[in-house]
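Reader: I should be grateful for a close look at a single part of this structure, the surroundings of the ligand. Please describe what holds it and which parts of the chain contribute.

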Amino acid sequence: MKMDIPSKAAEIIQELAAHGFEAYAVGGCVRDSILGRKPEDWDITTSARPEQVKAIFPRTVDTGIEHGTVTVLMDREHFEVTTYRVDGEYEDHRHPKEVTFTASLEEDLKRRDFTINAMAYNPETGLVDIFNGIEDLKNQVIRCVGDPGERFDEDALRILRAIRFSAQLGFQIDAATQRAMSERAKDLKEVSAERIRVELVKLLVSGHPEYIREACRLGITRVILPEYDRIVGVAQHTPNHIYDVEEHTLLALKNIEADPVLRLTMLFHDLGKPIVKKTDGDRDIFYKHPEVSAEICRKILRRLKFDNHTLEKVYRLVKWHGLKYLPNDISVRRALNRVGSDIFEDFIKVQRADISAKNPAVVPKKMKQLAEKEAIYRNIIRRGDCFAVRMLAVNGRDLLGAGIPQGPMLGAVLERLVERVIDEPELNDRERLLALAVEVKDDPTIFDEKEYFFEH
Ligand code: ATP
Ligand code: MG
């Protein structure tokens with residue numbers, strides 16, 4: 001077998017060989033090349049010790065030197081070069097307590113998680129495939145290297161990685177491997193939130209995010225995402241739905257582009273439904289479920305240590321996903337005011353995915369309405385219509401000058417002015433707004449909360 005290796009990676013392998021060391025491309029890049037997928041990065045495994053690697057290449061970074069990894073810089077590209085190693089005993093199903101370097105490629109391949117990830121290649125030797133990775137690739141199977149139980153005992157994260165690779169590649173998981181996964185799913189409790197987050201996001205942005213259902217079936221979500229298990233089998237007897245909450249969620253998840261924020265939003269958007277569900281005769285009602293989902297989503301994202309930027313965006317998209325508004329200028333400007341123009345494009349994508357997973361009988365009409373609203377949104381942005389405080393022809397200082405007192409009143413007046421301007425854009429004029437501000441100040445409803453749904 002011959003494989004196309006990027007020239008810089010081939011150079012590193014050659015250079016190591018010229019100094020008497022073995023070196024191979026290994027793991028994901030070998031797997032992906034054989035599959036005809038473009039590898040993300042080329043990892044190299046070598047018999048050379050880290051200090052020997054550093055002595056050979058002028059530009060290196062100690063990325064994980066204690067685990068034997070040195071990053072070699074070649075022009076603008078960089079490659080992780082890791083010394084053959086055997087992982088020592090694992091602590092708490094998490095990290096190997098220590099790693100031992102070895103002179104044997106076979107030993108190094110043996111410590112890897114799945115057969116399809118345990119192949120090595122260099123142009124000299126060709127493919128090294130001790131655990132029948134090629135066959136598993138051909139049969140589209142995820143299978144542990146060696147005894148699955150032992151491998152998951154060493155590192156429980158591999159349980160989630162199996163699902164992730166299966167979702168990325170569209171592969172089945174071997175039966176014995178599956179059995180060991182469900183028996184040990186509970187050990188994922190001991191794995192750090194950061195490591196779980198990385199694998200969960202990779203699963204979600206894969207070609208098969210709906211395989212999260214397999215994670216549920218094997219008892220994995222029960223440990224890392226119990227909120228998911230609650231939506232399983234929750235019926236929705238409403239004219240808009242023919243699927244239960246889980247099926248609807250999975251379909252919506254598949255029908256949105258592979259972006260972490262958007263996929264997380266769809267996964268979480270209806271988590272509140274089982275909590276708020278009420279049945280009135282033969283009809284189910286899920287009153288205010290988006291807000292409840294948003295609170296649940298915030299808890300999950302905090303627990304999994306997501307960054308604040310992602311958390312805030314997903315939270316807002318989940319919270320507003322069910323917003324009802326109409327295809328007219330006023331209603332769309334009001335929606336922009338509530339949702340925020342920074343995430344409005346994503347908000348439309350979320351609504352589109354949500355609709356796509358509803359009762360096919362209502363989908364065309366709802367899609368048509370959404371397309372109209374999207375067109376109106378684009379016109380509003382193009383014209384520069386005012387829909388937010390920052391876009392008013394007056395600011396806080398102007399209002400202070402007109403005698404509005406400093407404090408919460410000031411903000412409330414500004415908000416109320418925007419509401420008026422959303423209805424009547426021609427009011428957005430300094431003189432008219434200053435006059436209006438004085439009137440609005442005495443309005444007894446000024447501190448009333450903005451209503452959530454509006455259809456005018
Ligand atoms: P990706 O395309 O997502 O980068 P990958 O196969 O390169 O896929 P990585 O997580 O980058 O996956 O790991 C690189 C290689 O290291 C894997 O192919 C596997 O051989 C090995 N590996 C990584 N994590 C583990 C683990 N937890 N247990 C055993 N082997 C692992
Ligand atoms: Mg990789």
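Author: In this predicted model, ligand 1 occupies the largest pocket. The elements that each supply two or more residues to the shell around ligand 1 are α2 (28-35), α7 (157-169) and α9 (193-204). Of these, α7 provides the largest share, with 4 residues.

In total, 14 residues surround ligand 1. The closest are Arg31, Asp155, Arg158, Arg161 and Arg164. By residue class, the shell consists of 10 charged, 3 polar and 1 nonpolar residues.

Several polar contacts can be described atom by atom. A nitrogen atom of ligand 1 lies 3.2 Å from a polar backbone atom of aspartate 113. An oxygen atom of ligand 1 is 2.9 Å from a backbone N or O atom of asparagine 117. With lysine 202 the side chain is involved: one of its N or O atoms is 3.1 Å from an oxygen atom of ligand 1. As for the covering of the ligand, ligand 1 taken alone exposes 580 Å², and the protein buries 81% of that area.

The shell may also be placed within the domain assignment of the chain, which gives domain 1 (7-139), domain 2 (145-224), domain 3 (237-379) and domain 4 (389-440). Domain 1 and domain 2 each contribute at least three residues to the shell around ligand 1. Regarding the wider arrangement, the C-alpha centres of domain 2 and domain 4 are 55 Å apart.

Conventions:
Residues are numbered from 1 along each chain as its sequence is written. Chains are lettered from A and ligands numbered from 1 in the order in which they are written. This is a predicted model: local features need pLDDT of at least 70, side-chain atom pairs count only at pLDDT 80 or more; totals for chains, interfaces and linings use all residues. Side-chain values use heavy atoms; hydrogens and water are left out. A residue is near a molecule or strand if one of its heavy atoms lies within 4 Å of it. A polar contact is a pair of N or O atoms within 3.5 Å; within protein, one must be able to donate a hydrogen and the other to accept it, and residues adjacent in sequence count only if both atoms are side-chain atoms. Accessible areas come from the Shrake-Rupley method with a 1.4 Å probe; for residues, only the protein chains shown count as cover. On a 1 Å grid over the protein atoms alone, a cavity is a set of points where a 1.4 Å probe fits but cannot get out, and a pocket is an open set with protein on both sides within 12 Å along at least five of seven lines; lining residues have an atom within 4 Å of a point. A molecule sits in a cavity or pocket if more than half of its atoms lie within 2 Å of its grid points. Ala, Val, Leu, Ile, Met, Phe, Trp, Tyr, Cys and Pro count as nonpolar, Asp, Glu, Lys and Arg as charged, and the others, Gly among them, as polar. Domain bounds come from an automatic or database domain assignment.
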